[in-house]
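Open the model in your viewer and keep the side chains switched on. The stops below go from charged pairs to aromatic rings.

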Amino acid sequence: MSDISAHSLPVRVYYEDTDLAGIVYYANYLKFIERGRSEWVRALGVDQTALKAGQGIVFAVRRVEADYLRPAKFGDDLTITTRLREMGGARIVVEQEVLRAGERLFQAVVTLVCLSDDGHAARIPAEVRARLSPPVH
């Protein structure tokens with residue numbers, strides 16, 4: 001997923017992230033990639049709190065397809081990368097990776113859905129769509 005449109009977030013592995021063997025507990029990779037997605041949309045200028053307050057729109061994870069390739073360990077410096085794969089009317093699919101010094105440790109494809117206050121699927125607002133879509137050259 002080396003791509004100029006990919007967002008990168010540095011993360012350090014702390015003791016709290018690991019199991020007794022000093023290896024990152026598997027569920028914590030989901031926390032790492034959640035942080036990566038949050039910082040990706042923030043970097044693109046999408047204020048999720050304002051979106052919820054103003055339009056009653058939130059994004060929820062619908063599906064995660066994850067591959068654990070190599071273990072991360074206590075003290076590792078990691079990079080979480082996030083890149084848009086596709087966007088539909090109410091759905092966003094992103095590709096994410098966890099890297100250590102360029103080595104891929106974890107990869108996931110995450111499907112998000114846009115929901116209204118009542119929990120039903122809602123169209124992604126045009127201004128959000130414009131910010132998330134990569135520029136066309």
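Select Glu95 and Arg83: both are buried in this predicted model. Their side chains meet in a salt bridge, 2.3 Å from N to O. Glu95 sits in strand E4 (residues 91-100) and Arg83 in strand E3, so the pair links parts of the chain twelve residues apart.

Next, pick Arg91 and Glu86. Their side chains also form a salt bridge, at 2.9 Å from N to O. Is Arg91 buried or partly exposed? Arg91 is partly exposed, with a relative accessible area of 35%. Glu86 is partly exposed as well, at 35%.

Now select Arg70 and Glu103. The closest N and O atoms of this salt bridge are 3.1 Å apart. Arg70 lies in the loop between E2 and strand E3 (77-87), Glu103 in strand E5, and 33 residues separate the two in sequence. Arg70 is partly exposed at 47% relative accessible area. Glu103 counts as partly exposed at 31%. Add Asp76 and Arg100 to the selection: together with Arg70 and Glu103 they are linked in a network of salt bridges. The structure's count of salt bridges comes to eleven.

Stay on strand E5 and select Ala108. Ala108 is buried, with a relative accessible area of 4%. Show its contacts beyond four places in sequence: they include Ile33, Val64, Ala66 and Val94. Glu95, from the first stop, is also touched by Ala108. Measure from Ala108 to Tyr25, C-alpha to C-alpha: the distance is 16 Å, across 83 residues of sequence.

Turn to the rings. How many aromatic pairs does the structure hold? There are seven. Select Tyr26 and Tyr68. Their ring centres are 6.4 Å apart and their planes stand at 70 degrees, so the pair is edge-to-face. Tyr26 lies in the loop between strand E1 (7-12) and helix H1 (28-43), and Tyr68 in strand E2 (residues 58-68), so the pair ties together parts 42 residues apart in sequence. Tyr68 is partly exposed, at 40% relative accessible area.

Move to Tyr29 and Phe106. Here the ring centres are 5.0 Å apart and the planes at 20 degrees, so this pair is stacked. Tyr29 is in helix H1 and Phe106 in strand E5 (residues 103-115), 77 residues apart. Tyr29 counts as buried at 3% relative accessibility. Phe106 is buried too, at 0%.

Last stop: add Tyr25 and Phe32 to these four rings. Tyr25, Tyr26, Tyr29, Phe32, Tyr68 and Phe106 form one aromatic cluster.

Note on methods. Residues numbered from 1 in each chain as written. Predicted model: local features only at pLDDT ≥ 70, side-chain atom pairs only at ≥ 80, totals over all residues. Heavy atoms only, no water. Phe/Tyr/Trp six-rings, centres within 6.5 Å; stacked < 30°, edge-to-face > 60°. Helix = DSSP H or I, 4+ residues; strand = E, 2+ residues; numbered from the N terminus. Buried < 20%, exposed > 50% of the residue type's maximum accessible area, 1.4 Å probe, protein only. Contact = heavy atoms within 4.5 Å. Salt bridge = Lys/Arg side-chain N within 4 Å of Asp/Glu carboxyl O.
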